[in-house]
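This report looks at how two protein chains meet two DNA strands, and at how the chains are related to each other.

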There are 2 protein chains.
Amino acid sequence: MDTKLLCLGVLSEGERSGYEIKKLFETRFRHFFVAGFGSIYPALAALAGEGYVTARAVPQAGRPDKRVYSVTEAGLDHFRERLLATAPRHKVRSEFCLLMYFAHLLPPERALAHLDTMVARWEEMLAGDLGLSAADEAALTPGQLFDLGFGRAVVGAARAYCLERRAPLAAALLDRPRAAE
Amino acid sequence: MDTKLLCLGVLSEGERSGYEIKKLFETRFRHFFVAGFGSIYPALAALAGEGYVTARAVPQAGRPDKRVYSVTEAGLDHFRERLLATAPRHKVRSEFCLLMYFAHLLPPERALAHLDTMVARWEEMLAGDLGLSAADEAALTPGQLFDLGFGRAVVGAARAYCLERRAPLAAALLDRPRAAE
DNA sequence: CACAACCTATATCGGAGCGATACATATTGA
DNA sequence: TCAATATGTATCGCTCCGATATAGGTTGTG
């Protein structure tokens with residue numbers, strides 16, 4: 001389970017609760033890793049069962065207790081081992097591309113709306129978590145900096161391509177005879 | 001199951017066997033949808049059970065029979081309905097980015113090797129299925145053309161970024177003191 | 001002030017999904 | 001000769017994750 005691996009990774013930077021880990025996933029890893037509570041809580045429970053992390057209950061005023069996890073020595077070792085054994089993969093699952101592929105079976109305005117939705121989402125990402133200032137970047141490790149730039153490059157390219165091809169696509173979708181180049 | 005949806009989609013272009021569908025997935029959809037036999041065969045069986053496709057056994061010389069599937073009228077309707085009800089998503093799951101994020105815990109040469117592996121894979125994709133000639137492109141629907149360009153843009157951006165940042169990353173990973181910009 | 005909307009916080013379950021594997025044979029290439 | 005590689009179908013079990021439940025606090029707005 002890769003979720004276990006990433007949880008171990010973020011815990012190696014400091015103790016955190018499941019909820020905080022989810023937040024972190026959303027801000028720092030959104031462009032390459034998505035995981036919900038349904039993945040994170042079981043992952044943490046499994047890690048605790050294997051002795052790679054320990055949990056500590058922190059009472060909260062008027063809120064349910066927070067379970068704060070810390071990585072153990074064995075967990076750190078395990079993490080490094082697993083990292084060494086992990087093969088680099090990069091998988092995309094895009095219903096957006098699927099919809100575009102069959103755009104001719106969709107009302108044209110629907111296809112274009114999907115396109116606009118994606119552009120908006122990518123712009124949000126670029127302006128949000130991917131849009132750190134230079135000052136913030138100084139605090140990052142080389143790898144974190146690499147990932148940040150990678151996200152910007154890929155998401156930026158997707159956004160740029162969609163914007164650039166919107167008009168030609170609209171033309172091609174709306175009137176069949178005229179070619180759009 | 002999205003696999004069911006895509007199977008229905010490719011069958012709407014003509015009858016095909018499970019094996020042929022897998023081939024098609026690998027060549028046409030690799031950059032946005034990955035599915036193995038373990039997804040495709042159950043998907044086809046389910047579609048047949050629902051009456052959305054019909055199967056026909058084609059005897060082969062010296063080979064197991066081929067089961068060729070065709071989409072039914074009901075299947076075509078269902079496909080269009082499902083397309084209309086599908087939300088545009090675009091999800092990335094990248095162990096490569098994960099490895100890069102924690103590159104400081106890896107031997108530097110290992111991190112760089114991972115990077116080179118990915119560059120090679122992306123170049124393969126660009127030269128292969130994403131590298132159609134202009135003549136071939138004329139036969140595509142606007143949506144197919146859009147997806148092809150999208151794949152080129154995104155995969156190309158990933159490749160370019162990795163090549164561009166390789167040297168700075170290597171420098172930063174090898175000697176900590178010097179900043180790499 | 002009432003009510004909606006959203007945030008913090010944890011947890012489970014059922015079903016989808018897919019990697020690994022098995023089987024059977026023919027061709028290609030070293 | 002032996003190892004790959006290609007065609008072809010199929011299943012099993014583990015992983016995974018979306019949806020949902022629970023519970024109260026805070027913020028915002030008409």
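In this predicted model, the side chain of Tyr19(B) places an N or O atom 2.5 Å from a phosphate oxygen of DNA strand D. Lys23(B) also approaches the backbone of DNA strand D, with a polar side-chain atom 3.2 Å from a phosphate oxygen. Arg67(B) makes its approach through the main chain: one of its backbone N or O atoms is 2.6 Å from a phosphate oxygen of DNA strand D.

DNA strand C has phosphate contacts with side chains of chain A. A polar side-chain atom of Tyr19(A) is 2.9 Å from a phosphate oxygen of this strand, and for Tyr41(A) the corresponding distance is 3.1 Å. In the side chain of Arg93(A), an N or O atom lies 2.3 Å from a phosphate oxygen of DNA strand C. The table lists these contacts for both strands.

| Residue | Part of the residue | DNA strand | Distance to a phosphate oxygen |
|---|---|---|---|
| Tyr19(B) | side chain | D | 2.5 Å |
| Lys23(B) | side chain | D | 3.2 Å |
| Arg67(B) | backbone | D | 2.6 Å |
| Tyr19(A) | side chain | C | 2.9 Å |
| Tyr41(A) | side chain | C | 3.1 Å |
| Arg93(A) | side chain | C | 2.3 Å |

Which elements supply the surface near DNA strand C with two or more residues? Chain A contributes helix 2 (18–28), helix 3 and strand 3 (63–71), while chain B contributes helix 1 (2–11) and helix 3. Strand 3 of chain A gives the most, with four residues. In total, 19 residues lie around DNA strand C, and the nearest are Gln60(A), Arg67(A), Arg93(A), Met1(B) and Ser39(B). Of the atoms of DNA strand C within 4 Å of the protein, 69% belong to sugar and phosphate. The surface near DNA strand C comprises four nonpolar, eight polar and seven charged residues.

DNA strand D is surrounded by 21 residues, the closest being Met1(A), Tyr19(B), Gln60(B), Arg67(B) and Arg93(B). Sugar or phosphate makes up 68% of the atoms of DNA strand D within 4 Å of the protein, and bases make up the rest. At least two residues each come from helix 1 (2–11) and helix 3 of chain A, and from helix 2 (18–28), helix 3 (37–49), strand 3 (63–71) and strand 4 (91–93) of chain B. Strand 3 of chain B gives the most to this surface, with five residues. By class, the surface near DNA strand D has five nonpolar, eight polar and eight charged residues.

Helix 3 of chain A, residues 37–49, has 13 residues. From first C-alpha to last it reaches 18 Å, close to the 18 Å expected at 1.5 Å a residue. Its buried residues are Ile40(A), Ala43(A), Leu44(A) and Leu47(A). Viewed down the axis of helix 3 of chain A, these buried residues fall within an arc of 100°, so they line one face of the helix. Gly38(A) and Gly49(A), on the other side of the helix, are exposed. After helix 3 of chain A comes Gly51(A), with a positive phi near 80°.

How are the two chains related? A turn of 180° with a shift of 0.0 Å along the axis lays chain B on chain A with an RMSD of 0.1 Å. This is the relation of a two-fold axis. Among the residues of chain B, Val92(B) comes closest to the rotation axis, its C-alpha lying at 2.3 Å.

Methods. Residues are numbered from 1 along each chain as its sequence is written. Chains are lettered from A and ligands numbered from 1 in the order in which they are written. This is a predicted model: local features need pLDDT of at least 70, side-chain atom pairs count only at pLDDT 80 or more; totals for chains, interfaces and linings use all residues. Side-chain values use heavy atoms; hydrogens and water are left out. The expected span of a helix is 1.5 Å times one less than its number of residues. Buried means under 20% relative accessible area, exposed over 50%, partly exposed in between (1.4 Å probe, protein chains only). The arc is that of the directions from the helix axis to the C-beta atoms. A residue is near a molecule or strand if one of its heavy atoms lies within 4 Å of it. A polar contact is a pair of N or O atoms within 3.5 Å; within protein, one must be able to donate a hydrogen and the other to accept it, and residues adjacent in sequence count only if both atoms are side-chain atoms. Ala, Val, Leu, Ile, Met, Phe, Trp, Tyr, Cys and Pro count as nonpolar, Asp, Glu, Lys and Arg as charged, and the others, Gly among them, as polar. Copies are superposed by least squares on the C-alpha atoms of residues with pLDDT of at least 70 in both.
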